[in-house]
Amino acid sequence: MSDQGRPSAVGLLFRQINYQNRLFVRTPIAAFFTLVFPLIFLILFGALFEGVDVAPGLEVDPAQFYAPGLAVFAAVSATYTNIGIGVTIYRDEGVLKRIRGTPLPRWVYMGGVVGSGVVVAAVGALIMLAVGFLLYGLEMDIGNALPAVVTFVVGVASFSLLGIALAAVAPSGQSAPALANATLLPVAFVSNVFISVRNNPPAWLDLVGDIFPLKAFADAFFSAFDPFEEASAYKPWLLLRIGVWGLFGALVAVRKFRWEPSTGAGGASGHRGRRGRG
Amino acid sequence: MPAVTVTDLKKSYGTVRAVDGLSFSVGEGEVFALLGPNGAGKSTVVEILEGHRTRDSGKVTVLGTDPGTAGQGYRDRIGIVLQEAGIERELTVREALVHYGACYSRRRPVDEVLDLVGLTGLGDRRTHQLSGGQKRRVDLALGLIGDPDVLFLDEPTTGFDPSARRHAWEMIEGLQDLGTTILLTSHYMDEVQVLADRVAVVVDGRIVAEGTPDELRGNADSETLVRFRFPEVDPNSGPVVELLGGLAGRTSLRNGVLEVYTEQPTTDLNLLTQWAIGQGGALEGLEVTTPTLEDVYLGLIGGDHGAGVEDV
């Protein structure tokens, strides 16, 4: 038996991030949808649209548009979707209830969830960009690397908080995947992720994209790869729009988050599909 | 100083009084059981002691602190084994113990804990490959990894088959040797009889009896329980009333079975057999036994909870 005094919060936080990463790599379906799924899109789009302008007036090589767009999509899957679904399943299974009874500070648990989401998001985004550079001639002005990183950090931090908010409002682990996809996929289609909506889209579609944070994230990130961008690749207004959503997510999480399974959901582990989509 | 004190604890959910003026204390190193039917308020009491539920009124201390306002430092000194707390299926047993152990300031060596709960050799197995009973052992191991001063065990064997229960009891008896104070809830009389130093029987949020298992049995030792299927005659008819009135013991009729708790079994049996022969019948399903603690318990929670009880 040993008494080392209370462990330090920073040490525990790194432990939690490590632990969440381990849970992620041992959940193949989550790894597939986060890392492989966007990659398939990238390869498909690369083959389908080779030599085609992305949109009238956006005369860039498709990879120049799709690689950053799908990097953002992978990052959002790694944070918003994975956190929203994963945390809800752990609540259903009573894992959160157990954690609440230990001396682990709650913010350290959440820090581990977010920290791991950021790590996985970075891995996903790097894979998309690496494939873009290696296979599709993606180009980037090296001076834009830092703005891209800043945008990325603001984006994944905000979408992590939105993921926790999703877990806070999702009634059960069974409904969480549906909720995550129903809120993410339609928005993704109007947010310059899968297709470009830059060229005179209908006003309402433009508005829908502007309300949600994904288009701001995709646009700000793309600006670091846009060969025609003449202004700075720092987009403070877009970052602000993303950050406001992150704060909204934090607010919902603080007000609504529960550690106990909803009645009837607890204990019935083992027979539900884990992280299955839709 | 007692490890746990609870004084006049009250908690209502809406108009339902879940805990209604409950008081008890648990000494250091003692195994104390809250025994009662489902919905008696046991789990609410334990959740208040764990610091996970607020109370309406009353005084509560565990290890000298009030769980309602205590922080993470308090959880560092207690262990909680809940009824339905999941384990990450992606982890091995050892990984889970190392991971959870890391957040305590004191921790027991992982192998020692594995031995203690009977999981020797299963440390490298993924938790989702374990049987239900083995998972429960992991629950207990996770409750012990931080070397707690007080361990809360919420219905540790509910849903176990008889042999798994025996094993669990042996494990918990092993913990007593470590000097850990244990507060346990159960709705099994035989369980608390084996495990607990002291028992409080809780019904409708109140303690209706408290003492050692032996004390609870009270004068049951000196009594004999005579039990048989009562013929389908009107219990209010003259001869029956006269018969029952003539018996030395207390009688009750449950589900068509007459029970007589008596200190004079020979005389009472004589009266009953004569009556049966006089009726040209027999005492169907006759049993003559010493009442068990189970009988005492059922008598205590009787009234509202034992189905189909009626006094004669």
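Two residues count as being in contact if their C-beta atoms, placed from the backbone, lie within 7 Å. Helices (H or I, at least four residues) and strands (E, at least two) are DSSP runs, numbered from the N terminus. Residues are numbered from 1 along each chain as its sequence is written, while chains are lettered from A and ligands numbered from 1 in the order in which they are written. What you see is a predicted model, where local features need pLDDT of at least 70 and side-chain atom pairs count only at pLDDT 80 or more, but totals for chains, interfaces and linings use all residues.

**View 1. A helix lies across three strands of chain B.** Helix H1 (residues 42–50) of chain B runs at about 115° to E1(B) as it lies across E1, E2 and E4. (Axes are lines fitted to C-alpha atoms, for helices over the stretch in contact, and angles run from 0 to 180 degrees between N-to-C directions.) Those 3 strands make an open sheet in the order E2-E1-E4, with antiparallel pairing. Strands pair if DSSP finds at least two bridges between them. At the edges sit strand E2 (16–26) and strand E4 (57–62), each pairing on one side only. From one strand to the next, the twist averages 25°. Strand E1 (residues 4–13) of chain B and E4(B) share 5 bridges, and B:Lys10 stands opposite B:Ser57.

**View 2. Here's a hairpin in chain B, built from E12(B) and E13(B).** Strand E12 (residues 250–254) and strand E13 (residues 257–262) of chain B pair in the antiparallel sense over 5 bridges. Look for B:Ser252 opposite B:Glu259. There are 2 residues between the strands, and B:Asn255 takes a positive phi near 50°.

**View 3. In chain A, H2 and H3 cross at roughly 160°.** The axes of helix H2 (residues 28–48) and helix H3 (residues 62–92) of chain A come within 9 Å. H2(A) and H3(A) are therefore roughly antiparallel (that label goes to angles over 145 degrees, with under 35 as roughly parallel, 65 to 115 as roughly perpendicular and the rest as oblique). Their crossing is right-handed: the near helix is turned clockwise from the far one by less than a right angle, whereas anticlockwise would be left-handed. Among the residues that meet are A:Phe33 and A:Phe41 in H2(A), and A:Tyr66 and A:Leu70 in H3(A). This contact has 15 nonpolar, 5 polar and no charged residues. (Ala, Val, Leu, Ile, Met, Phe, Trp, Tyr, Cys and Pro count as nonpolar, Asp, Glu, Lys and Arg as charged, and the others, Gly among them, as polar.)

**View 4. H3(A) also packs with H6(A), with axes that come within 7 Å.** The two axes cross at roughly 25°, which makes H3(A) roughly parallel to H6(A). This crossing is right-handed too. The contact includes A:Val76 and A:Ile83 of H3(A), plus A:Phe152 and A:Phe159 of H6(A). Its residues split into 13 nonpolar, 7 polar and no charged.

**View 5. Chain A meets chain B through 28 residues of A and 24 of B.** Strand E1 (2–3), helix H1 (9–25) and helix H4 (95–100) of chain A each give two or more residues to the side touching chain B. That side has 9 nonpolar, 11 polar and 8 charged residues. The predictor gives the complex an ipTM of 0.83 and a pTM of 0.82. For E1(A), go carefully: its mean pLDDT (the predictor's confidence in each residue, from 0 to 100) is 56, the lowest in chain A.
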